[in-house]
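Welcome to a short tour for anyone with a viewer open. Load the model, find your selection tool, and follow along stop by stop.

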Amino acid sequence: MSVRVHPELRNQLMQFGIGDWNACYHCGTCTAMCPLSEEGFLFPRKKIRLMQMGLKNEIESSVEPWLCYYCGDCTSTCPRDANPGELMMSLRRYLTSIYDWTGLSKKFYTSEVWEIGSILLIAVLVVIAFLIGLPAMGYSFTTELTSQGGVKINSFAPIHIIEAFDWAMAIVVGGLLISNILRMYYKIIWKHGHTKVTFWVHVREFWRLVFNFSVQPKFGKCDDKRYWFSHWFLMSGYTIMFIVVVVFLPWFQTEKILPPWHLQRALGYYATFGLLFGLLVAITGRMRRKDVKFYFSHVSDWLFLVMLTLTVITGILIHIFRIYGMPYATYIFYIIHMAVLVPMILIEVPFSKWSHLAYRPFAVYFQHLKTHAVPRKTKINSIN
Amino acid sequence: MRSPSKTCIFFYNPQFSDFDPIDYAELIRYAMTFPNVSRIWKYHDFIWNEQNLTDKIEANGIDHLIVAGLLPGTVKTLFSKAMAIAGKDPANVILASFNDYYTGTTFDMDRLKSVLACLIAGLSYETVAIPDENPVNPATLVIGGGIAGIQASLEIAYSNNHVYLVEKTGTIGGKMATFDKTFPTLDCAACILTPKMVEVNQNPFINLMTYCEVQEVSGEAGNYSVRILMRARKVNVKTCIGCGTCTEKCPAQAPSEFDYGTSMRKAIYMPFPQAVPNKYMIDAESCIYLKTGKCRACVKVCPVPDCINLDEQDHEVTINVGNIIVATGFKPFDAKKMDQFGYGRLPNVLTSLEFERLLNASGPTGGNIHLRSQDKKGNWIFTEEAEKPEKVAIIHCVGSRDKNHNKYCSRVCCMYSLKFSHLILEKLPGAEIHEYFIDMRSFGKGYEEFYERILEEDVSIVRGKTAKVEERNGKLFLRGEDILKGEILENTVDMVILSIGLEAAEETRDLSRMLGIPRSEDGFFEEVHYNLDPTATSRGGIYLAGTCQGPKDIPDSVAQGSAAAARAIQSILKGKIYKDLISIPLETIEKRINKLTLVQLEEKHL
Ligand SMILES: Cc1cc2nc3c(=O)[nH]c(=O)nc-3n(C[C@H](O)[C@H](O)[C@H](O)COP(=O)(O)OP(=O)(O)OC[C@H]3O[C@@H](n4cnc5c(N)ncnc54)[C@H](O)[C@@H]3O)c2cc1C
Ligand code: SF4
Ligand code: SF4
Ligand code: SF4
Ligand code: SF4
């Protein structure tokens with residue numbers, strides 16, 4: 001297989017993050033310091049080499065960037081300030097844009113105008129849908145309260161419509177994500193010339209996907225366990241919210257005020273606390289910039305944090321206003337909530353930061369597929 | 001040279017990030033005041049390429065131009081070509097390279113203006129900016145008695161001129177005196193150094209002042225007045241016969257400075273057996289009598305009457321000299337700053353200097369390699385009772401080429417590490433040696449050959465810096481990446497040697513203020529011109545020798561010692577010396593330019 005060199009790769013990558021990666025003189029300190037780098041899948045130095053040499057195909061078929069959890073040990077010990085940790089982060093952003101066939105991801109990562117513009121556009125559409133769309137469809141909301149004194153939320157946001165919309169959004173986002181994961185699979189496993197992975201291995205290693213998604217054991221290997229906890233808390237809160245809101249919306253968005261220990265409210269509170277805690281750690285970390293992982297923040301990092309925080313806060317406010325029977329406040333914040341949530345899900349999950357929720361566990365899965373790959377039979381082999 | 005009638009200036013200021021501390025606006029204002037400057041351009045005024053430059057030259061009828069800025073040499077070919085294409089003489093592209101006039105921290109704007117003024121007048125700065133001359137006091141002060149200082153002192157003394165050699169410690173010799181062998185010839189260090197040290201002591205033209213420090217320097221080139229603090233040795237250097245009876249009886253102990261703390265010495269001691277002067281001295285910090293008022297054991301046993309005077313006090317003297325040579329050497333990088341290697345926590349992680357003492361026959365183990373062990377009082381020292389290591393690792397570039405510490409390469413550590421490998425094999429045949437390097441820097445005469453020789457020996461030399469050293473089951477566990485194999489490299493050894501780099505000595509800062517000589521970014525003293533005048537400083541009559549100017553090996557230190565001596569002798573022979581380069585004010589330069597151009601005009605009319 002011939003090797004194509006892409007000298008422009010470095011400049012392309014610079015759009016996805018900040019680092020003087022050409023400064024690296026290959027001492028190997030970073031790789032040896034990295035708690036997650038392992039035999040057969042060594043990083044970050046090897047990835048820097050690929051980047052310096054412009055070996056685009058090799059970079060695109062790498063799983064290593066997803067195995068890095070940005071603990072920053074490499075960056076803080078690098079003698080050349082080459083910032084290997086940030087390179088891994090930038091590679092993750094780059095790979096996200098490569099897996100994405102629509103090309104939108106690249107636009108969002110490299111152009112602030114595109115990213116913020118599309119978020120605003122979707123937000124405006126959501127507001128229009130609520131203020132003009134629903135009334136035009138003949139729905140009118142009521143300020144009457146329920147017998148328990150709560151807001152009749154379903155009169156404002158008819159549950160069957162919101163649910164249908166949720167499902168539609170989930171299908172679009174899921175479809176995009178699945179197709180991107182297939183492309184990731186193609187780039188990492190399939191395109192990789194000389195080896196092949198048997199079907200049995202696919203089945204046998206599948207548990208890793210589930211395990212890595214739910215526990216994130218890799219993150220726990222970093223020296224600082226605090227981040228594992230806050231990240232896991234945030235991630236689990238987010239996942240629960242996502243499932244509850246999309247799959248079980250009729251059960252979640254009720255007008256009945258259930259007792260606080262009821263599963264519906266308990267899950268909601270758990271998720272809210274998880275999200276708030278994780279966000280607090282991430283935001284204060286990025287503001288204080290004490291840890292290496294928070295030295296550099298890409299626009300996408302901040303946007304995501306701000307949007308998620310807004311979603312959580314408006315969510316809490318809706319909950320309070322609904323229980324205390326304040327219909328107008330509830331409705332207004334419902335609109336704001338949706339105007340932040342919808343663009344966040346539509347843009348972040350398939351195209352930007354949140355996609356790593358899916359890519360990371362898949363990368364571990366693919367990594368193990370790669371380790372069990374067998375040489376593909378070539379013609380010469382079969383003659384023998 | 002003809003004063004050009006019409007000159008254009010191109011300011012080369014491409015703004016290399018924040019590395020452009022020159023006030024170009026000010027320079028442009030200044031250049032405009034000259035009637036023969038017709039046009040001025042800056043880098044961003046148009047795109048500097050062959051085509052555009054040729055157009056500019058043709059359109060403005062330029063036949064003489066100045067390119068001024070930092071490293072203007074980078075664009076010189078562009079201008080020469082453009083001139084040639086426009087049919088003009090490419091030799092009329094004159095460079096004003098401001099980086100030559102960097103004072104260490106800022107650019108002296110007056111200097112830059114002076115340079116411009118000279119070039120605009122068609123004169124070179126060097127011909128105009130000749131400093132005034134002073135008469136010279138023929139005595140010279142050499143600060144620092146390492147190999148560089150010794151060499152400089154001897155050279156001057158051999159010309160029958162007087163030298164004061166001021167050394168901070170109790171003996172001269174510097175770091176070289178602590179070594180066993182030197183690369184690349186594997187000469188015995190003591191064998192080549194001791195005769196020179198003895199010669200310093202015996203030469204009637206050298207006034208050796210050990211255990212002394214320079215306190216204050218005043219005056220100017222040709223006549224400096226220097227106040228020197230003479231610390232009390234408390235042993236009379238003239239009468240002590242060096243019998244050593246006192247040391248035997250002395251009850252107080254302290255870590256030996258000469259052995260870099262790897263062995264213990266008494267409070268009354270001789271730094272090492274070949275010390276020059278070969279006399280004893282008392283360390284006031286550890287002497288029991290000086291702390292509690294009781295003991296005087298040494299005084300009681302000393303066979304020479306009044307030789308030991310425990311109540312002797314420090315005193316000061318003032319000397320007058322014409323030239324000063326600074327040879328204060330280097331300070332080893334503090335390996336504790338790199339906690340990942342465990343120096344200071346793990347007893348068998350050594351610095352290279354400590355290891356030099358292990359190798360040295362006059363060292364604490366008589367030249368045998370043993371692990372570090374604890375004595376009864378809990379001090380970690382080298383003794384011959386301890387076990388010998390079987391596996392040794394050497395880690396290169398510790399503290400050097402590292403933006404977290406020193407950016408520069410220390411130049412000697414690759415070579416001395418190779419030397420270590422060879423000497424370990426010689427002393428411990430069958431030992432397993434691993435060297436971990438990033439790049440092997442074996443520049444210089446015979447050095448690459450030395451590297452090749454070591455490669456033939458039974459040493460594993462691996463590319464990839466060790467990332468960390470930890471203790472595991474009483475052994476030292478190393479982790480790194482073997483770059484060429486692309487594998488993680490793990491190894492367990494008995495002893496780790498850190499090839500620490502060279503840093504500017506502690507006093508460099510104080511001395512630079514005292515002497516009024518600048519330091520460069522890396523902390524070492526700064527020379528006038530890196531390529532063409534590496535021994536002089538911007539102050540007249542003050543020169544640099546050895547590692548105080550930058551990392552270098554013994555041959556280079558010696559060469560620079562001789563060079564500095566030549567500069568001092570030059571002024572003594574001439575009887576006159578130039579004052580400081582920086583002392584010429586802009587007005588003087590302008591006046592001189594006027595005078596010189598008038599002379600040229602007259603010559604033209606004759
Ligand atoms: C481990 C190691 C091994 C090495 N091996 C070799 C080798 O094999 N071959 C080789 O060519 N090079 C070798 N080098 C390099 C060599 O040590 C230096 O090139 C050489 O010692 C420089 O000599 P110097 O006179 O400039 O400085 P130094 O040897 O440091 O001498 C400076 C002297 O100045 C004195 N001093 C300092 N400040 C003052 C002050 N304010 N007032 C008065 N006196 C002062 C000091 O006490 C000292 O005596 C090695 C270096 C190291 C670290
Ligand atoms: S630690 Fe820095 S210089 Fe060394 S290999 Fe890694 S990125 Fe390159
Ligand atoms: S940030 Fe941490 S996990 Fe990522 S490459 Fe660096 S050391 Fe490894
Ligand atoms: S006993 Fe006296 S003469 Fe002998 S070495 Fe000690 S001080 Fe010098
Ligand atoms: S000489 Fe060798 S060991 Fe020393 S800093 Fe330079 S490259 Fe590193």
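Before the first selection, one term: a residue counts as near a molecule or strand if one of its heavy atoms lies within 4 Å of it. This is a predicted model, in which local features need pLDDT of at least 70 and side-chain atom pairs count only at pLDDT 80 or more, while totals for chains, interfaces and linings use all residues. Residues are numbered from 1 along each chain as its sequence is written, chains are lettered from A and ligands numbered from 1 in the order in which they are written, and side-chain values use heavy atoms, with hydrogens and water left out.

**Stop 1: ligand 4**

Select ligand 4 and show what surrounds it. Which residues are closest? Of the 13 residues around ligand 4, the closest are Cys240(B), Cys243(B), Gly244(B), Cys246(B) and Cys302(B). Try colouring by residue class: Ala, Val, Leu, Ile, Met, Phe, Trp, Tyr, Cys and Pro count as nonpolar, Asp, Glu, Lys and Arg as charged, and the others, Gly among them, as polar. In the shell around ligand 4 you should then find 11 nonpolar residues, 2 polar and no charged.

**Stop 2: ligand 5**

Now select ligand 5. Its surroundings include His396(B), Cys397(B), Cys409(B), Arg411(B), Cys413(B) and Cys414(B). By class, the shell around ligand 5 holds 5 nonpolar, 3 polar and 4 charged residues. Switch to cartoon view, where helices (H or I, at least four residues) and strands (E, at least two) are DSSP runs, numbered from the N terminus. Strand S23 (391-398) and H12 of chain B each give at least two residues to the shell around ligand 5.

Stay here and pick Arg411(B), which sits in the loop between S23 and H12 of chain B. Its phi is near 70°, a positive value in a residue other than glycine. Most residues other than glycine have a negative phi, and most peptide bonds are trans. Is Arg411(B) buried or partly exposed? Buried means under 20% relative accessible area, exposed over 50%, and partly exposed in between (1.4 Å probe, protein chains only). With a relative accessible area of 28%, Arg411(B) is partly exposed.

**Stop 3: ligand 1**

Next, select ligand 1. Its shell has 35 residues, and Glu167(B), Lys175(B), Lys419(B), Thr547(B) and Lys552(B) come nearest. This shell divides into 14 nonpolar, 12 polar and 9 charged residues. Among the elements of chain B that each supply at least two of them are helix H6 (147-158), strand S8 (181-182) and helix H12 (413-427).

Colour chain B by domain, with bounds from an automatic or database domain assignment. The pieces are domain 1 (7-129 + 588-605), domain 2 (140-230 + 314-329 + 505-578), domain 3 (232-312) and domain 4 (331-503). Domain 2 and domain 4 of chain B each give at least three residues to the shell around ligand 1.

Now zoom in on the backbone. An oxygen atom of ligand 1 is 2.8 Å from a polar backbone atom of Phe183(B). A backbone N or O atom of Lys168(B) lies 3.1 Å from a nitrogen atom of ligand 1.

**Stop 4: the loop after S8**

Phe183(B) takes you on to the next selection: a cis peptide bond joins Phe183(B) and Pro184(B), with omega about -15°. Pro184(B) is in the loop between S8 and strand S9 (187-188) of chain B. Leu186(B) is also found in the loop between S8 and S9 of chain B. Its phi is near 55°, a positive value in a residue other than glycine. Leu186(B) is buried, with a relative accessible area of 15%.

For another cis peptide bond, select Val276(B) and Pro277(B), where omega is about 0°.

**Stop 5: chain A**

Finally, show chain A, which has 21 helices and 2 strands. Its C-alpha atoms fill a box of roughly 80 × 55 × 40 Å, taken along the principal axes. Of the 384 residues in chain A, 52% are buried.

End at Thr146(A), in the loop between helix H9 (112-136) and helix H10 (153-156) of chain A. At 14% relative accessibility, Thr146(A) counts as buried. Draw a C-alpha to C-alpha distance from Thr146(A) to Glu255(A): the two are 109 residues apart in sequence and 7.3 Å apart in space.

Notes: Polar contact = N/O pair within 3.5 Å; in protein donor to acceptor, adjacent residues only side chain to side chain.
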